[in-house]
Amino acid sequence: MRYSEMFLPTAREVPSDAEVVSHQLMIRAGMIRKLTSGIYSYLPLGYRVIKKVENIIRQEMDRAGAQEVYLPMVQPAELWQESGRWNYYGNLLLKFKDRNDRDYCLGPTHEEVITDLVRYEIKTYRQLPKNLYQIQTKFRDEIRPRFGVMRCREFGMKDAYSFDADEQGAEMSYRKMFDAYMKIFARCGLHFRPVEADSGEIGGSYSHEFMVMADSGEDGIVFCGACQYAANMEKAEGAVPEKETMDGQNFLPVSEVHTPAVRTIEEVCAFLNVQPQDIVKTLVFNADGKPVAVLVGGADDVNEIKVKNYLKCNELELADDAMIYAATGSPRGFAGAVGIRARVIADYSLTNMMNVVMGANREDYHMKNVNIGRDFKVDDFADLRVAREGDACPRCGKALKSARGIEVGHVFKLGTKYSKAMKAVYLDQNGHEQTMIMGCYGIGIGRTVAAAIEQNNDKDGIIWPMPIAPYQVIITPVNINEASLAGAAEKIYQSLLDRGIEVILDDRDERAGVKFKDADLIGIPLRVTIGPKKLAEGKVELMIRKTREIKEIAVDNIVDELIEYVTQQDGLL
């Protein structure tokens, strides 16, 4: 492609509303333009990268035995009502009516549609297993779109759905997709890690997220350097301590202490001269309309997703002032487990707590030397807190490490959540009706592109991994009006095109510095510079964008050198 013919509106200034590097560079590099809040147009350079990622995905999905379909984005309300998600999905679901006053939504995901399709076409076990995938536009009405295409309202997604006759088959389908995802993200040239994750709104019993590692990542993960355990913060497990025999003789006398205007952990520590590990926090939650007191250590935070999953409730939120007062007899900020009128659950880390400080269920008072059994009862112990770096690995016991990541893919074991609700059944070998077992597997296309930029950039712009670069080579004659330079550039350009290399010829009548800055900004992996001095010696300069290494190559050898380098770096060739 000749640069002079390209629709490539680059920009020098950082957009004022772009919060993260990928958003800034995708706009500056002429990849995207904002249409309205959370909705973007992809320009030619950006769309080439999108297609590169899609092609890698298609090749690996096909290789894993999945078959591509294309499902409607507009979905009837009846399917969502049948699955039970019409109201449960909330305001993320953009609902509308047609001219006949029938309810529809724009698809944020396609579990209902694919289940509806399969239940009418698959009748017996002989037709299973099946794995169907699509690359389709989704719409989720995010309350606060941000980070460019990483959290937008309209986005491209690859979603696949497996249907199996039994758990063994479902496990095989899950493993195939897990392995396919490992290959996809490796081929995209990304540094990533699969982590155990919560299934969230999609549902199901088991899932993994695929995280591209980046300091700017919006998700925290913990991982073990000694074994393969890794999980996001929502899912990361706490190790269960061995229960010690509690010796009541070591219990100190409980006492109430007047703590005026003391509410936070820091204030309690300073007032009572204790450490956070000496304090137990009591948070009152509203779980489907009932109060539940959750206890964690003073230095810990409650993991609301873990609490919700443990309680198996539909709705969980911090209790309002009225519920807190009804449970504790005091205003917010002084809750404790002694005498509380609510179910009490505590994090495993408190199993052996002794002589701790907690709220007294009385305004401006705390209690010292509180002990389980003597002073209050814990109904259940569970894993309820947010994991953090330094915690013991739940698999091997070594210390966990932490990092930041960007979620680009998610694989779920759905089980029978949708097939049971929507009666997707088959006849087994004995002619008995059985429910299909499903899996769900998604990749955010735009998020993958943005994550690649977050992981691969410098002060000058994007550094594309070769497999997903919009073009592999850019040829830059320093003066297009000088016949010898233009002629050499044209010859190399045509030779690369003939050999199947994706190449830009920067034929603009611009200063060399402008051309170099644009080449760096858009991140083309290889730049060939043609200048009068080197050309007179029969040479050109090859710069590798990632390392900025510059090599002098004979003009007669440059095409073969470029092809060899591209072949080594590009997983598609």
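Let's start with two helices that pack together in this predicted model. H2 and helix H5 (residues 167-187) meet at an angle of about 150°, and their axes are 9 Å apart. Angles over 145 degrees count as roughly antiparallel, and H2 and H5 are therefore roughly antiparallel to each other. The crossing of H2 past H5 is right-handed. Which residues make the contact? On the H2 side you'll find Ile56, Ile57, Gln59, Glu60, Met61 and Arg63. From H5 come Met177, Ala180, Tyr181, Lys183, Ile184 and Arg187.

Tyr181 turns up again when we look at the inside of the protein. The largest nonpolar core has 61 residues, and Met31, Tyr181, Phe185 and Trp464 are the ones that touch the most other members. Which helix gives the most to this core? That's helix H2 (residues 44-63), with 7 residues. In soluble globular proteins, nonpolar side chains tend to be buried together.

Zoom in on Met31 for a moment. If you skip its neighbours within four places in sequence, Met31 still contacts a whole list of residues, including Tyr42, Leu45 and Val49. Val449, Ile453, Ile462 and Trp464 are also among its contacts.

Now for the sheets. Five strands build an open sheet with mixed pairing, in the order S16-S14-S15-S17-S20. Why do strand S16 (316-318) and strand S20 (380-382) each have a side without a neighbour in the sheet? Both stand at the edges with a single partner strand, so one side of each is left free of sheet neighbours. Going from one strand to the next, the twist averages 35°. Helix H8 (residues 321-328) packs on this sheet, where it touches strand S14 (280-287) and strand S15 (290-297). The direction of H8 makes about 120° with that of S14.

There's another open sheet, this one with 3 strands in the order S13-S19-S18 and antiparallel pairing. Its edge strands are strand S13 (255-258) and strand S18 (356-359), and each of them pairs on one side only. Neighbouring strands here are turned by 30° against each other on average, direction ignored. Lying across S13, S18 and S19 is helix H6 (residues 265-272), which runs at about 100° to S13.

Strand S29 (residues 526-530) deserves its own stop. Is S29 mostly covered or mostly uncovered? Mostly covered: 5 of its 5 residues are buried. In a regular strand the side chains alternate between the two faces of the sheet. In S29, Leu526, Val528 and Ile530 point one way, while Arg527 and Thr529 point the other way, and all are buried.

S29 also has pairing partners: strand S27 (residues 473-477) runs parallel to S29, and strand S30 (residues 539-544) runs antiparallel to S29. Leu526 features in both pairings, standing opposite Val473 of S27 and opposite Ile544 in S30.

Here are four strand pairs from the model, each with one example of residues that face each other:

| Strand pair | Bridges | Direction | Example pair |
|---|---|---|---|
| S17 and S20 | 3 bridges | parallel | Ile345 and Asp380 |
| S18 and S19 | 3 bridges | antiparallel | Met358 and Met367 |
| S27 and S29 | 5 bridges | parallel | Val473 and Leu526 |
| S29 and S30 | 4 bridges | antiparallel | Leu526 and Ile544 |

How values were computed
Residues numbered from 1 in each chain as written. Predicted model: local features only at pLDDT ≥ 70, side-chain atom pairs only at ≥ 80, totals over all residues. Heavy atoms only, no water. Pairing = 2+ DSSP bridges. Helix = DSSP H or I, 4+ residues; strand = E, 2+ residues; numbered from the N terminus. Axes fitted to C-alpha atoms, helices over the stretch in contact; angles between N-to-C directions. Contact = heavy atoms within 4.5 Å. Core = buried A, V, L, I, M, F, W, Y, C linked by side-chain atoms within 4.5 Å. Buried < 20%, exposed > 50% of the residue type's maximum accessible area, 1.4 Å probe, protein only. Parallel < 35°, antiparallel > 145°, perpendicular 65-115°, else oblique. Left-handed = near helix turned anticlockwise from the far one by under 90°.
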